[in-house]
Amino acid sequence: MVKEMHITVPVALHLDHAQSVERCKEAVDAGYSSVMFDGSKLTIEENIELTKQVVNYAHDRGVSVEAEVGSVGGNEDGLVGIVRYADPKECLRIVEEANVDVLAAALGSVHGPYKGEPKLGFSEMKEISELTEVPLALHGGSGIPKEQIKKSIELGHAKINVNTECSQAWAQTIREILINDKEIYNPKTILQPAMEAISDVVEDKIELFGSSNRVTH
Ligand SMILES: [Zn+2]
């Protein structure tokens, strides 16, 4: 799709939360530009060792690698986790020893809807960003207040994952269409506005993240 559609901006094709080295290699071979190895459930030693294997394979093929330290809470596509803050020393170790390009340092964010106001660890964020000097990735970016998003960007986040808000916009649109029109049955008529609703969310996020008109060729 990426190669054949005439898209005028650079496209990153990213594999999220792969839990095996094999899966990452498959994505690299399939043409992904970036992969994430999620070894957050392993010991830091194992996490570093397996991340290193992914990095060796990916970097040889011009593909970037994201690692995770600590644990993102919540539930995303069956990926269940408890919140466990990233340890700054472990973050530095994985960046130096495995040579990753991007780091997902879990600091209180969750996949899926937040129960109450999100509380991100900004002092830890600053410490980890200054210590590791790599761009950070924020998982569970849906439902985080704008000010906290802006602060996260100031403190080193260069990649923000937003899934739940997109899915919610899609589901809410379809729900309204079906409830409001009992006669409707054509999938295209039902699905088209739902896709546009996702598009609107993405547009808002591009503005909020300061990514508008930032394309460099
Ligand atoms: Zn995630």
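Where is the place of Glu-203? I looked this up as my opening entry, working throughout with a predicted model, and I found Glu-203 in helix H7, which covers residues 187-208.

**Entry on the charged patch**

I stayed with Glu-203 and noted that it belongs to a negative surface patch, whose other members are Glu-196, Asp-200, Asp-204 and Glu-207. I then asked whether Glu-203 is buried or exposed. Its relative accessible area comes to 52%, and because the cut-off for exposed is over 50%, I entered Glu-203 as exposed.

**Entry on the nonpolar patch**

I next turned to a nonpolar surface patch of about 690 Å², which is made by Met-1, Val-2, Met-5, Ile-7, Val-9, Val-11, Leu-13 and Val-215. From this group I picked out Met-5, which sits in the segment before S1, and I recorded it as partly exposed with a relative accessibility of 46%.

**Entry on salt bridges**

How many salt bridges does the structure hold? I noted six, and I followed up some of them one at a time.

I began with Arg-23 and Glu-26, which form a salt bridge with their closest N and O atoms 2.8 Å apart. Both residues lie in helix H1 (residues 21-29), and I noted that they are three residues apart, about one turn of the helix. I checked the cover on each partner as well: Arg-23 is partly exposed at 48% relative accessibility, and Glu-26 is likewise entered as partly exposed, with a relative accessible area of 43%.

I then looked up Glu-66, which is joined to Lys-159 by a salt bridge in which the closest N and O atoms are 2.8 Å apart. Glu-66 lies in strand S3 and Lys-159 in strand S9 (residues 157-160), so this pair ties together parts that are 93 residues apart in sequence. Is Glu-66 buried or exposed? I found a relative accessibility of 1%, and because anything under 20% counts as buried, Glu-66 goes down as buried. For Lys-159 the relative accessible area is 22%, and I therefore wrote it down as partly exposed.

My third pair was Arg-93 and Glu-97, whose side chains meet in a salt bridge at 2.8 Å, N to O. I placed both in helix H3 (residues 88-98), four residues apart, which is about one turn of the helix. Arg-93 is partly exposed at 28% relative accessibility, and Glu-97 is partly exposed with a relative accessible area of 38%. I also noted that this pair belongs to a network of salt bridges that links Glu-45, Arg-93 and Glu-97.

**Entry on positive phi angles**

I looked at two residues that have a positive phi although neither is a glycine, namely His-17, at about 50°, and Glu-133, at about 55°. I found His-17 in strand S1 (residues 14-18), where it is buried, with a relative accessible area of 10%. Glu-133, on the other hand, has its place in the loop between helix H4 (122-132) and strand S8 (136-138), and I recorded it as exposed, with a relative accessible area of 71%.

**Entry on Ser-64**

I came back to strand S3 (residues 64-69), in which Ser-64 is found, and I entered Ser-64 as partly exposed at 26% relative accessibility. Which residues is Ser-64 in contact with, leaving aside its neighbours within four places in sequence? I listed Ser-33, Ser-34, Val-35 and Asp-101. I also looked up the separation of Ser-64 and Ser-123, which are 59 residues apart in sequence and 27 Å apart in space, C-alpha to C-alpha.

**Entry on Pro-113**

My last entry concerns Pro-113, which I located in the loop between strand S7 (110-111) and H4. Pro-113 is exposed, with a relative accessible area of 58%. Not counting residues up to four places away in sequence, I found that Pro-113 touches Thr-164 and Gln-168. As for Glu-90, which is 23 residues from Pro-113 along the chain, I noted that the C-alpha atoms of the two are separated by 28 Å.

Technical notes:
Residues are numbered from 1 along each chain as its sequence is written. This is a predicted model: local features need pLDDT of at least 70, side-chain atom pairs count only at pLDDT 80 or more; totals for chains, interfaces and linings use all residues. Side-chain values use heavy atoms; hydrogens and water are left out. Patches are made of residues with over 30% relative accessible area and no salt bridge: like charges are joined within 9 Å, nonpolar side chains (Val, Leu, Ile, Met, Phe, Trp, Tyr) within 5 Å. Accessible areas come from the Shrake-Rupley method with a 1.4 Å probe; for residues, only the protein chains shown count as cover. A salt bridge is a side-chain nitrogen of Lys or Arg within 4 Å of a carboxyl oxygen of Asp or Glu. Lys and Arg count as positive and Asp and Glu as negative; His and the chain ends are not counted. The place of a charge is taken as NZ of Lys, CZ of Arg, CG of Asp or CD of Glu. Helices (H or I, at least four residues) and strands (E, at least two) are DSSP runs, numbered from the N terminus. Buried means under 20% relative accessible area, exposed over 50%, partly exposed in between (1.4 Å probe, protein chains only). Contact means heavy atoms within 4.5 Å.
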